[in-house]
Amino acid sequence: MQLDNLRIDTINLSLNRYKKLSVHVLRLDLIHPVISGNKWFKLQPYLTEAKQQNKKAILTFGGAFSNHIIATAAACKLIGLKSIGIIRGEKPQKLSITLSEALHYGMQLFFISRQAYKSNHIPEEVFTTFNPQDIYVINEGGYGVKGMEGASTILKKMDTSTYTHICAAVGTGTMLAGLVASTRTWQQVIGISVLKNNLQVGEKIQQLLSAKSNNFFIMHQYHFGGYAKYNQQLIAFMNEWFEQTEIPSDFVYTGKVFFAINNLIHSGYFSSDSNIIIIHSGGLQGNRSLPKGTLIF
Ligand SMILES: *Cc1c(COP(=O)(O)O)cnc(C)c1O
């Protein structure tokens, strides 16, 4: 893990100068190629607790392209724990790149029906190889108070006190809760939901916080059709953003966030003199499921 690689880039686009805004990106994507940014932060407290409780394996849930699954597999290998992935849906003929790599990191994969997945079902086969008391369970996406606590250290790695707006992608909302928990009263956190109709996520974020907060806001109009859905407009934007800033993004999370913030700047959402920081939460491995040549980076 290369935390020294963490840095904040300044985005010098003429649009920002024109709007008198200062825009920056916190590059969590640079700390590890696979245990992408926010996943590493969210996993830390869970892994520490699992070790303290002498657990032998981490069990968690995810889909075929899940950044959380691959990050958990790689992190467990790194610290010497076994890992078990409960994967949503029937086993496909050919595993996704994400899953084959998780397998390569030693994760044992179990496929369950979408129906069973919804109720966090752990298949019986798991217990033919593992004792229940040796397993430490982490929710899908690392959702939970410990994940929030891990994410609350993201803004503490560098001085971030002068930013007026902190913007990030929202899946389960765990990272956003951590960001909210660590901001000052004068800072506003903006979350871009990457899921369609994920309208309860604001409530889920409140549940992770020890005190009710009103300094965050979730935008629901930038999901591009839903989780991992994309169109030509998003791809063209991601390529253009890379040309202008040299910052690569992924089509599931960060591409949608950069698009959203750019769009909000255009529409005059931010008052002049706003000092904005966007969290690049990683996830670049997910781009490997796109047809070759789709992205220029
Ligand atoms: C998982 C993930 C998110 C979403 O984090 P949540 O805590 O689930 O909201 C955002 N960005 C990237 C790159 C991710 O992999």
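**Ligand contacts**

I began with the backbone contact at the ligand: in this predicted model, a polar backbone atom of Gly171 lies 2.7 Å from an oxygen atom of the ligand. I then looked up side-chain contacts. Lys39 places a polar side-chain atom 2.7 Å from a ligand oxygen atom. For Asn67, a polar side-chain atom is 2.8 Å from an oxygen atom of the ligand.

I next checked how far the protein covers the ligand. The ligand taken alone exposes 390 Å², and 98% of that area is buried by the protein.

**The shell around the ligand**

I listed the shell and found 15 residues around the ligand. Those that come nearest are Lys39, Lys42, Gly171, Thr172 and Ser281. Sorted by class, the shell holds 9 polar, 4 nonpolar and 2 charged residues.

I then asked which elements give two or more residues to this shell. They are helix 2 (37-52), strand 7 and helix 8 (174-181). Helix 2 gives the most, with 3 residues.

**The mixed sheet**

As strand 7 contributes to the shell, I followed this strand into its sheet. I recorded an open sheet of 6 strands in the order 1-2-10-7-8-9, with mixed pairing. Strand 1 (8-10) and strand 9 (216-219) are the edge strands; each has a single partner strand, so one side of each has no neighbour in the sheet. On average, neighbouring strands here are turned by 25° against each other, direction ignored.

Within this sheet I examined one pair in detail. Strand 7 (residues 165-170) pairs with strand 8 (residues 188-193) in the parallel sense, over 6 bridges. Ile166 has Val189 of strand 8 as its bridge partner.

I then looked for helices packed on this sheet. Helix 9 (residues 201-208) touches strand 7 and strand 9, and its direction makes about 150° with that of strand 9. Helix 11 (residues 254-266) also packs on the sheet. I noted its contacts with strand 2 (22-27), strand 7, strand 8, strand 9 and strand 10 (275-280). The direction of helix 11 makes about 165° with that of strand 10.

**The parallel sheet**

I turned to the other sheet that I had looked up. In it, 4 strands form an open sheet in the order 5-4-3-6, and the pairing is parallel. Strand 5 (108-112) and strand 6 (135-138) stand at the edges with a single partner strand each, so one side of each is left without a neighbour in the sheet. I noted an average turn of 25° between neighbouring strands of this sheet, direction ignored.

Strand 4 (residues 82-88) pairs with strand 5 in the parallel sense over 5 bridges. In this region I located Ile84 opposite Gln108 of strand 5.

I closed by returning to helix 2, which packs on this sheet and touches strand 3 (57-62) and strand 6. The direction of helix 2 makes about 160° with that of strand 6. Helix 2 thus appears in my notes twice, as it also gives 3 residues to the shell around the ligand.

Terms used. Residues numbered from 1 in each chain as written. Predicted model: local features only at pLDDT ≥ 70, side-chain atom pairs only at ≥ 80, totals over all residues. Heavy atoms only, no water. Pairing = 2+ DSSP bridges. Axes fitted to C-alpha atoms, helices over the stretch in contact; angles between N-to-C directions. Contact = heavy atoms within 4.5 Å. Near = heavy atom within 4 Å. Polar contact = N/O pair within 3.5 Å; in protein donor to acceptor, adjacent residues only side chain to side chain. Areas by Shrake-Rupley, 256 points an atom, 1.4 Å probe, with all protein chains shown as cover. Nonpolar A, V, L, I, M, F, W, Y, C, P; charged D, E, K, R; others polar.
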